[in-house]
Amino acid sequence: MTQWQPSGSGDLCADGIVSVGQLAPLAEARLDGSTWAYVAGGAGDESTLRANDAAWSHHGLLPRAMTDVSALSTRTTLLGLDLSHPILIAPTASHLRYHPEAELATLRGASAAESLVTLSTLGSTLARTFGDAATALGRPWWMQVYLQDDRSISRPILDAAVAGGAGALVLTVDTPALGARDRDRRDQFGAAHGVSYPNLAHHRPGPDDTPAQRRVWNPHLARDVSPRDITVLVERYGIPV
């Protein structure tokens, strides 16, 4: 991976970035091929990825003339938190692929932007380590979780996250099976780059005999997630899910 090297003042906006769309080409130029493929790719023929992009393009601003806009605010309240704006950082895996300080660098950036990070179960940073850093910065954070067929596998991760100050659990419910991400399979994402998932270090999965080219789902993901799981998580941890 090529380490990020800021140019000019180091302030991306001051150095010429004026829109979000300018960030993707810069990222592609700085990341190695398999990392960029993981960021930019989707499952299968990527038709859903294209449809998502198209769907976002249909959203626009609705101007309202002769309306008093002299005292506007982006502040909002979400799950009891008073936020400066409703823009949060979604859980994404393996931030070490993008920055040598992994999710701790993401946390600092989010803190500067007064935003909130959801740490991924597949992040490069232990939940307790992340929580300690968030506490030091005085920033709230949430923890994402994939439930496993054996629910006890997920508990150590969540125990550590809640002990570290996570204010909510973000339960992923739409992944009973991993999509067939062809770019990742071609690049053998993670195999040659030392990608690791420290929050799962306690879990030693059994051997998977499925040929690599056909290994399109994770046999440990729970395929029976239901509202009951939400109830159990709320009762066990006492925080929003």
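This is a short tour of a predicted model, going from its sheet to the helices around it and then to its salt bridges.

Before you click: local features need pLDDT of at least 70 and side-chain atom pairs count only at pLDDT 80 or more, while totals for chains, interfaces and linings use all residues. Residues are numbered from 1 along each chain as its sequence is written, and side-chain values use heavy atoms, with hydrogens and water left out.

**The sheet.** Select strands 3, 4 and 5 (strands are DSSP runs of E, at least two residues; helices are runs of H or I, at least four; both are numbered from the N terminus). They make an open parallel sheet in the order 3-4-5, where pairing takes at least two DSSP bridges between two strands. Strand 3 (117-119) and strand 5 (169-171) are the edges, each pairing on one side only. Neighbouring strands are turned by 35 degrees against each other on average, direction ignored. Now pick strand 4 (residues 141-145): three bridges join it to strand 5, and M143 has L169 as its bridge partner there.

**Helices on the sheet.** Show helix 5 (residues 127-137), which packs on the sheet and touches strands 3 and 4, its direction making about 165 degrees with that of strand 4. Contact here is heavy atoms within 4.5 Å; axes are lines fitted to C-alpha atoms, for helices over the stretch in contact, with angles from 0 to 180 degrees between N-to-C directions. Next, helix 6 (residues 155-163) lies across strands 4 and 5, at about 175 degrees to strand 4.

Move to helix 4 (residues 102-112). Its buried residues include A105, L107 and A110, and the buried set packs against strand 3 and helix 5. Buried means under 20% relative accessible area, exposed over 50%, partly exposed in between (1.4 Å probe, protein chains only). Just past this helix, E114 takes a positive phi of about 55 degrees.

**Salt bridges.** The whole structure has eight, each a side-chain nitrogen of Lys or Arg within 4 Å of a carboxyl oxygen of Asp or Glu. Try R108 with E101, at 3.2 Å, N to O. Then go to D149 and R223, also listed at 3.2 Å: D149 sits in the loop between strand 4 and helix 6, R223 in the loop between helix 7 (182-187) and helix 8 (227-237), 74 residues apart.

Last stop: D159 and R236, with closest N and O atoms 3.3 Å apart. This pair links helix 6 to helix 8, 77 residues apart. While you're here, add R151, D224 and D229, which are joined into one network by salt bridges that share partners.
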